[in-house]
Amino acid sequence: MKKSPDRIDLAITGGLVCDGTAAVPYPADLGIWRGKIVALGSLGEKKAYRTIDARGLVIAPGFIDIHGHTDEHILLYPRAESKVHQGVTTEVAGNCGASPAPLYGAALEEFNGEWSELSGSNASWRSCDDFFRLLEKKKIGINFAMLVGNGTIRGGVLGFDDRRAGPSELVKMKAILSESLSTGAWGMSSGLIYVPSAFSSEDELISLAGLVKEAGGIYATHMRGEGDSLLESIAEALSVALKSGVRLEISHLKASGERNWKKLPQVLQMIEEARQMGGLVGADQYPYPASSTGIASLFPSWVREGGKSALLGNLEKEETCGRLAMEMNDQVIDWTRIAFAAFKNEELLRFSGMRVGEAAHSEGKTPLELVIRLIMMEKSDLPVLFFTQSEENVVAIMERPYVCFGTDAAARSAEERRQEDMPHPRAYGTYPRILGHYVRDRSVLSLSDAVMKMTSLPAERIGLTGRGRIREGWWADITVFDRTRIAEKSTYLDPHQYPENIEYVIINGEVVIDQGTHTGALPGRVLRRNAHE
């Protein structure tokens with residue numbers, strides 16, 4: 001790094017530095033020049049074009065969202081306001097087996113069906129390199145790293161059919177994965193409750209994960225089950241990691257369903273035994289006892305085989321619905337713990353926020369009958385909230401040293417929200433909730449440990465260097481907040497609210513949040529694995 005001049009771009013003075021390690025926070029000033037930190041401690045005789053007075057505030061590295069879903073939505077919301085307002089400066093996208101690239105075959109067709117509804121056009125890219133180049137050409141407001149979804153690759157080669165990959169098909173999948181890794185993807189994700197990722201065998205995952213390991217990447221998995229099949233799903237994830245040698249990230253770790261809460265100690269023991277055996281295993285979580293996904297994830301995979309159009313076609317058939325009802329009657333589903341989130345069809349907006357059981361009773365239908373009817377009226381899966389976790393388990397997971405944090409959400413804008421978009425509050429509130437509710441109010445974690453889990457731990461997990469700590473010579477991704485007053489405002493019924501008292505967010509040396517207000521700056525970068533910045 002070139003020696004900094006006597007006059008630097010930005011100084012942050014008088015704050016308490018929480019540097020992203022386990023070190024006790026300490027008072028220090030910060031100097032930034034050409035996007036990087038050039039002074040830490042005393043600025044000496046250096047003058048700055050601008051000085052931020054951080055007295056009474058914490059100066060931390062920008063938060064790294066290891067499990068985000070902004071994906072192609074970065075083209076719709078390039079300022080990524082819901083992320084940046086909560087202190088996130090870098091997102092790892094492409095999780096749960098789905099990524100915006102590479103797009104081929106049936107995966108491209110399925111993607112365009114959704115993307116054209118949102119953007120009015122089809123995807124202009126195919127490979128990961130194409131997508132990265134598009135983002136590099138445009139300006140974005142957040143640093144963007146990406147995993148490649150095994151479901152996206154599988155859909156491009158095998159379509160959405162429930163069958164094993166043949167030898168030649170596996171070769172094709174590995175070639176696409178290899179190309180994606182070589183052009184900058186940080187690893188691979190799987191979403192084993194979603195079609196077509198759900199049709200991947202353990203052997204297929206091991207083969208692909210071995211390629212990820214050779215490239216130095218990470219494998220992140222949304223496991224096959226987080227409820228009744230939790231233990232078997234953990235065992236499969238650990239088997240893939242130990243047999244391939246890949247670094248494993250267990251996505252949004254949880255025990256779902258009251259009858260499964262007692263399984264968490266065994267889950268943690270299994271993870272810790274794998275770590276003792278040399279497995280490079282970690283996990284992430286969002287700090288809420290409710291989850292969110294499409295309600296069709298409750299259906300058997302044969303109903304969803306073939307993608308969205310096949311799902312709708314199946315639900316039109318009386319015999320299919322009869323078979324579905326028989327199979328789902330064998331499941332223990334507490335419909336009073338599931339709430340509808342949002343709808344595109346204005347006629348259905350009255351159900352937003354209602355529990356499925358309550359809504360079904362009011363309509364004189366069984367819960368499954370109502371769900372099928374609403375899916376057909378909406379012509380798509382229905383986003384819902386599952387209130388199926390225990391607060392005690394949320395805390396127990398949070399306390400584990402190998403667990404970091406992610407929003408499990410796409411970036412949004414409170415000013416440009418769509419009526420059909422009613423996200424989980426984690427989209428706006430994950431990091432302020434941890435720092436306010438769990439650190440300050442409940443003392444579940446120390447400030448240093450919480451910040452470490454938001455910064456250096458996720459950076460190390462994916463292999464990202466030069467970010468995640470406050471250190472001279474590192475990129476100036478900085479979040480400045482009032483630890484005594486920081487608070488989430490987003491709620492389940494009114495999620496589109498930015499948090500309070502995150503005063504400044506700086507990305508690559510440029511101020512993006514200035515006294516709580518977005519400046520409109522777009523200094524984010526596409527972060528490619530193994531690229532030299």
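Two rings of Phe, Tyr or Trp, the last taken by its six-membered ring, count as a pair here if their centres lie within 6.5 Å. Every view below comes from a predicted model.

**View 1. Ring pairs link five aromatic residues into a cluster: Phe111, Trp115, Trp125, Phe131 and Phe144.** Across the whole structure, a search turns up 12 aromatic pairs. Here's one that reaches across the chain: Phe63 and Phe481 have ring centres 6.4 Å apart and planes at 55°, so this pair is tilted. Phe63 belongs to strand β6 (residues 63–65) and Phe481 to strand β18 (residues 478–481), so the pair ties together parts that are 418 residues apart in sequence. Both Phe63 and Phe481 are buried. Back in the cluster, Phe111 and Trp125 meet edge-to-face, at 5.8 Å centre to centre with 75° between the planes. Phe111 sits in helix α2 (residues 105–119), while Trp125, 14 residues away, is in the loop between α2 and α3 (128–137). Phe111 is buried, with a relative accessible area of 11%, and Trp125 is buried too, at 3%.

**View 2. The charged end of Lys36 sits over the ring of Trp475.** The distance from that charged end to the centre of the Trp475 ring is 4.7 Å. Arg323 does a similar thing with Trp302: its charged end sits over the ring, 3.7 Å from the centre.

**View 3. Helix α13 packs its buried residues against three helices and a strand.** The helix covers residues 367–378, and at 1.5 Å a residue its 12 residues should span 16 Å; the end C-alpha atoms are indeed 16 Å apart, so the two agree. Buried along α13 are Leu368, Leu370, Val371, Ile372, Leu374, Ile375 and Glu378. Their packing partners are α10 (308–315), α11 (318–329), β15 (338–340) and α12 (356–363). Right after the helix, look for Lys379, which takes a positive phi of about 60°.

**View 4. Three strands make an open, antiparallel sheet in the order β14-β16-β15.** β14 (291–294) and β15 stand at the edges with a single partner strand each, so one side of each is left without a neighbour in the sheet. From one strand to the next, the twist averages 30°. Zoom in on β14 and strand β16 (residues 383–386), and you'll find 4 bridges joining the antiparallel pair. Gly294 stands opposite Pro383 of β16. As a reminder, strands of a sheet pair through backbone hydrogen bonds, either parallel or antiparallel.

Key: Residues numbered from 1 in each chain as written. Predicted model: local features only at pLDDT ≥ 70, side-chain atom pairs only at ≥ 80, totals over all residues. Heavy atoms only, no water. Helix = DSSP H or I, 4+ residues; strand = E, 2+ residues; numbered from the N terminus. Expected span 1.5 Å × (residues − 1). Buried < 20%, exposed > 50% of the residue type's maximum accessible area, 1.4 Å probe, protein only. Contact = heavy atoms within 4.5 Å. Phe/Tyr/Trp six-rings, centres within 6.5 Å; stacked < 30°, edge-to-face > 60°. Lys NZ or Arg CZ within 6 Å of the ring centre and 35° of its normal. Pairing = 2+ DSSP bridges. Axes fitted to C-alpha atoms, helices over the stretch in contact; angles between N-to-C directions.
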